[in-house]
Number of protein chains: 2
Amino acid sequence: MKFGLFGAATAQRSANPDVDSGAGFKDYIEYVIEAESLGYHSSFIVEHHFTGFGQVSATLNLLTWIGARTTTLRLGTAVIVLPWHDPVLLAEQAATLDLLSGGRLDFGIGKGYRHNEYVGFRIPMEDGQSRFEESIDIMTKAFTSNERWSFEGKHWGYEDIVVEPPTVQRPHPPFWQGAGHPESIRRVAARGHNLLLDQFASMDETLRRFNIYRDAMIANGFGFNPNQVAVARAFYVAKDEADKQAAVDRRIAAQRRLHDISQRPDGNNTASIMAFSDTREASEESALYGNPDEICRKIERLQAAGVEYMLLNGGGTSRENLRRFAKEVMPHFADKAPAKAAAE
Amino acid sequence: MKFGLFGAATAQRSANPDVDSGAGFKDYIEYVIEAESLGYHSSFIVEHHFTGFGQVSATLNLLTWIGARTTTLRLGTAVIVLPWHDPVLLAEQAATLDLLSGGRLDFGIGKGYRHNEYVGFRIPMEDGQSRFEESIDIMTKAFTSNERWSFEGKHWGYEDIVVEPPTVQRPHPPFWQGAGHPESIRRVAARGHNLLLDQFASMDETLRRFNIYRDAMIANGFGFNPNQVAVARAFYVAKDEADKQAAVDRRIAAQRRLHDISQRPDGNNTASIMAFSDTREASEESALYGNPDEICRKIERLQAAGVEYMLLNGGGTSRENLRRFAKEVMPHFADKAPAKAAAE
């Protein structure tokens, strides 16, 4: 079983010149550097724009900095929202990071779900899917072609180009996609991409999705490698029951805030990543919250069903939580399944 | 007198999996890390696309990696070509680097001059100037506004956005522009931007341009700070006359290659950066090639005219050249003008 991290640093605007706006980024960087030394496998970072509370916007740049400060940690995006980016410029940026880091990029991609981001960039939300698909086609061509090529799409076009630098991972860094609906999962498997399963779905639902992906990958002739699915979970190694319940409270409040940010004006937000139940029981069931023993039982259930890679979100950068999980939970899974590179 | 570097790493595509395509980038990174330790002030890096010989395309990503490996080196772009980039995404990337590096970004920008890049991105060359100007307006707004704003331009539009993260340098990282024609220099001074003077113009011509900028900055009420002008020069500390002449030969060949890459199909390339004379005498006159004494005499001439900041291009990554200049030329100028931050 491999354990990575996913999360979001923040760097808030302030009119006060005495405030160190970079403190949140620097804290997150030191957090993942320590994580690497504790045996964590990867760090996946979000991309968001225009939030007003400083979520990471230039994800590949932050990951590049982290790449230069680490040696084995895999550098993941969760996820780069393709409709905002010129696919060729994005492929160049991703390839540069992959090259400099010796092939450590895990290229998580998505079509975006936040109404205010679509409005901000003035991109019609109904174009999201076709921009997403076209961008994947262009980037794949950019990564893999050593000869000059041209492209005439609905959203982008290029003439007589060859895209550099080359990636280290061949044919290209693995694409990862988040998906929840069965048909979305099957679309991911149709491309043979890796799958990110969200932190909010129940254990049962997560395993159903895991199985849909496994069956579809096999049916599509890609075969199934459990390193190609990462199950996200919130994690908190609690000191006692009161400490655990306080953490559940914090998580529910954070979920509500995320829900509000993502809302469309008509209240009709259908993105699967938001399809969590906000009951206290559901929140507690899906999360790895509790003492080491409680947490191990939950992970064992996933492991028994074939899960071999988890991405943990601590809702912040608590070093104590990071260390306790590494020391009191990870060893329990160290011998059962030797770690493999996610890119395999 | 301050001495920085400008140059271009390469990472070539190869169908051979045994070739380390990243070797050129890694070599350049180690080169500038040593440069920092030798007292060099900055490293300015180009941006180019579709060359087929691996010039840096994702310049801010390479600089981000360098930023994480250095502590005082200023991180310059020479130059980011604005017409290719979404101005808000670019401002986010630049701000992230500025934030992570503690305010070390020198943001060199240009409108591009290579016909094949305009064709590749399918952007009409006649839109270059207006895209360039509009992008500066948008990025300046993105860097400086703590409140939400909207923008309706000829090329880009945004709705109700606030751009994060904030920069460390306020109001924003200094903009640098390359210019050669008097009217172009006056346009740079009209915005109060910093000026990059190219490595090909003669000493006389360079000083004329320096003076045009100084006079215009003063006339525009910005005042004049010599740290706002960087004079680029090729440099090579030669062992003897034959070694020097061989270096001149290499330089002329490199100039011809650059000239050919930049050519328009009609042969009518008017970009000022290409307006060099390719006679041997001119090439030798403009370059800092020779023994330490010859080189010092040339720098003294620039210094006497008010130049206090030079960007050196070694046409490669010769450590010996880098070290000899640092040890045999730099000390001669160490006491005459104390170094100041380029951002001042």
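Copies are superposed by least squares on the C-alpha atoms of residues with pLDDT of at least 70 in both; pLDDT is the predictor's confidence in each residue, from 0 to 100. This is a predicted model, in which local features need pLDDT of at least 70, side-chain atom pairs count only at pLDDT 80 or more, and totals for chains, interfaces and linings use all residues. Residues are numbered from 1 along each chain as its sequence is written, while chains are lettered from A in the order in which they are written.

**Exercise 1.** Find what rotation superposes chain B on chain A.

*Solution.* Take a rotation of 180°. Add 0.0 Å of shift along its axis; the RMSD is 0.0 Å. The two copies are thus related as by a two-fold rotation axis.

**Exercise 2.** Place strand E9 of chain B among its partners.

*Solution.* Strands are DSSP runs of at least two residues, helices (H or I) of at least four, numbered from the N terminus. Strands pair if DSSP finds at least two bridges between them. Start with E8(B), residues 175–178: 3 bridges join this strand to E9(B), in parallel. Gln177(B) stands opposite Leu195(B) there. Next, E10(B), residues 229–237, also runs parallel to E9(B), with 3 bridges. Here Leu195(B) faces Val229(B).

**Exercise 3.** State which residues of E9(B) are buried on each side.

*Solution.* A residue is buried if 20 or more other C-beta atoms, placed from the backbone, lie within 10 Å of its own. One side holds Asn194(B) and Leu196(B), both buried. The other holds Leu195(B) and Leu197(B), also buried. Both faces of E9(B) are therefore covered.

Note on methods: Buried ≥ 20, exposed ≤ 12 C-beta atoms within 10 Å, placed from the backbone.
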